[in-house]
Amino acid sequence: MGNQPLTIAVATDQSYYESGATITGRVYLSVKDPKGIDAKSLNLLIEGEERTKIHRTSGTGENRRDHYHRSNCAILKLDTPLANFGNGYIKPGQYEFPFISTLPSNIPPTMRENDFESHCEVRYSIGAHLVQPGGAGGLFSSITKSWLRASPKELNIIGKPQPAGVIAGGIKLPPETESINYCCCFNRGTMTLESELERAILSPGDAANVFLRCRNDSTTPAFGVQAHLRETVTWRAYGHQETKSRLIGQQFLSADSCPELSPLMRLPQKYFGDASYNPLGDALNRSQRRNLSFFVSRDARDTHQGSLITIDHVLTVTIKTKCCMTNPESSIQVSIQRPPSLTDSAATTAATVEAPVFPSAPPFQSEETNDIPMAEATVLPPDWSALTADLVTIPMAEPTWGATAPPPGAVGSNPYDGATAPLPSLAQPIATKVPY
C-alpha cells in the first residue's frame, strides 16, 4: 500500500449506486512508522457537489482575453468518525474499518457535460482522513499533510428509479389550429394537430409512443409528421449561463401514410371572412389516430432541477412543410427517470438495474484546486493481515446548502433539502473507541 509512513485507502462494494441506496465498504489503514502516529480519530468523508465553469472572451486579435467564471454548490457533506483513538495514538500495524451508510433519496445522479472550455458536472466522492490531536475536527478540519488522508474515490450515482408497479399517466395536448403562411405574409389556410404522449415519465432505452391526429386545411403540401425528444443542459456561474442540447430520440411519419395531410386544391369559399368556419369540426375527430414510436437514447440523463445545473427534456411534434412555409408544432415537457429496480426494497444495497451508460465527458478538474498528489493504494499487499474493527453504521448523510456563488434568483432554499438525519460531529461521536 505504498512507501508512505502511513497509508489510507477506501473501498466500496459496488462501482455505482442508486440515490437512496446503502453503501457498504471498508477503510484500510497501514501504519508503517515504528513510532506510530498521533491521531484523535479516523473519519469517513462523503461529499457531493454541483460544479460549473463558463468560458467567455473579450477583445480581438492581440487584445483577446479569456475569462473563466466558476461556481460550486454542495449537495451533501458527511464527515464523521469511524473510530476514536482514546489515547490519541495509533500503534504500527494494519487495520480495517468496515462501514455502512445510506445515501439521501433526493440527490441528483452523477453527470458531466462540456462545451469546449465550459464545463458542468454533478460529482460524488468518498474518502477518509485522520484527525490529529489539537485539530478543529468535524467539517472544518484542516488536513495539511497529504499522507493523513486517502485519495478520494469517485462515487457514481444513478437517479432514484421509478416505483415498481406504478405506471405514469400520459399527457394529451388539445387540438391546435395554426395558420399556414408563405414567407410570414401570404396565408395558405390552416393545419390542425392534436398529440398525446402515452407516458409522462420515460426511461433511457424505453420505447416512447406518441399518438396524433392531424388535418390539412391548406393548399400547402406536407411532407409528414416528425417527433423528436430533445435534452437541454443549462448551467450557470456568477451571472453567466451556458446551454447545450442534443436529440435523444426521433421518428418521422411520411405524408404518404397520412392521406389527411393531402393539400386542398383551393381554400373553401367560407374560409374567407367567416368567423364561424371551424376547420376542426368533426373532420379531425374522424381522422385516423396515428402512432409515432421511437426509442429514448440509453445515455439520456435524468431530468434535474438543481441550483446551478438544469436538465430539461422536451418532446416536439411537428408537421413538416416545404421551405418558407409555417411548420405547425406542439411541445410537451417530459421527465426522464430510471426504470424500476428489480427489487422494491426500501434499502437497496446496490443498483439492481442494468449498469447505466455514464456520460463520456472527462471529469472537470478545477484550476483552483490545491490538492497534493498522493499515492493511492489499489491492491492489498500479499502480507496484509489486519485487525478488523466492528462495523460502524453511519446515519443518512444530509444534503446541505453550500454554494460559493448562489445562482441568480436564489432565495436560500436548497433543492436537496429533506433528509431525516442531522450531520454527526466529533462533539457527538458515533463510533466506539478503539484501543489502538
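## Strand E9 and its hairpin

Let's start with E9, a strand that is mostly covered: 4 of its 5 residues are buried. Here, buried means under 20% relative accessible area, exposed means over 50%, and partly exposed is in between, using a 1.4 Å probe and protein chains only. Strands (E, at least two residues) are DSSP runs, numbered from the N terminus. A quick word on the source: this is a predicted model, where local features need pLDDT of at least 70 and side-chain atom pairs count only at pLDDT 80 or more, while totals for chains, interfaces and linings use all residues. Residues are numbered from 1 along each chain as its sequence is written, and side-chain values use heavy atoms, with hydrogens and water left out.

E9 runs antiparallel to strand E10 (residues 118–131), and 5 bridges join the two; strands count as paired if DSSP finds at least two bridges between them. One place to look is methionine 111, which stands opposite valine 122 in E10. The hairpin of E9 and E10 has 2 residues between the strands, and there phenylalanine 116 takes a positive phi near 55°.

Histidine 119 lies in E10 too, and counts as buried at 18% relative accessibility. Its side chain reaches the backbone oxygen of glutamate 117 at 3.5 Å.

## Salt bridges around arginine 301

The structure holds 19 salt bridges. Each one is a side-chain nitrogen of Lys or Arg within 4 Å of a carboxyl oxygen of Asp or Glu. Side chains of opposite charge can pair when their charged atoms come close.

Back in E9, glutamate 113 forms a salt bridge with arginine 301, with the closest N and O atoms 3.1 Å apart. This pair links distant parts of the chain, 188 residues apart: glutamate 113 is in E9 (residues 111–115), whereas arginine 301 is in the loop between strand E19 (290–295) and strand E20 (304–305). Both partners are tucked away from the outside: arginine 301 is buried with a relative accessible area of 8%, and glutamate 113 counts as buried at 11%.

Arginine 301 also meets glutamate 231 in a salt bridge (2.9 Å, N to O). Glutamate 231 sits in strand E17 (residues 222–237) and arginine 301 in the loop between E19 and E20, so this pair ties together parts that are 70 residues apart in sequence. Glutamate 231 is buried as well, with a relative accessible area of 1%. Follow the shared partners and you get one network of salt bridges, joining Glu113, Glu231, Lys244, Arg246, Asp299 and Arg301.

## A partly exposed pair

For another setting, look at arginine 64 and aspartate 66, whose side chains meet in a salt bridge (3.1 Å, N to O). Arginine 64 is partly exposed, with a relative accessible area of 44%, and aspartate 66 is also partly exposed, at 39%.

## The nonpolar cores

A nonpolar core is a set of buried Ala, Val, Leu, Ile, Met, Phe, Trp, Tyr and Cys residues joined through side-chain atoms within 4.5 Å. The largest one here has 48 residues, and those with the most contacts inside it are Ile8, Val27, Phe97, Phe99, Leu130 and Ile309. Contact means heavy atoms within 4.5 Å. Isoleucine 8, for instance, touches residues including Val27, Leu42, Leu130 and Leu148, with residues up to four places away in sequence not counted. There is also a second, separate core of 30 residues, which includes Cys214, Ile248, Leu253 and Val296.

## Threonine 24 and its surroundings

Threonine 24 has its place in strand E3 (residues 22–31) and is partly exposed, with a relative accessible area of 25%. Its C-alpha atom is separated by 5.8 Å from that of phenylalanine 99, although the two are 75 residues apart along the chain.

Leaving aside neighbours within four places in sequence, threonine 24 is in contact with Thr12, Asp13, Tyr17, Phe99 and Ile100. With aspartate 13 there is a side-chain polar contact of 2.8 Å. A polar contact is a pair of N or O atoms within 3.5 Å; within protein, one must be able to donate a hydrogen and the other to accept it, and residues adjacent in sequence count only if both atoms are side-chain atoms.

## Two loop residues with positive phi

Tyrosine 238 has a positive phi of about 50° although it is not a glycine. You'll find tyrosine 238 in the loop between E17 and strand E18 (240–254), where it counts as exposed at 53% relative accessibility.

Cysteine 324 is another residue other than glycine with a positive phi, near 75°. Cysteine 324 lies in the loop between strand E21 (309–321) and strand E22 (329–336), and is partly exposed, with a relative accessible area of 42%.
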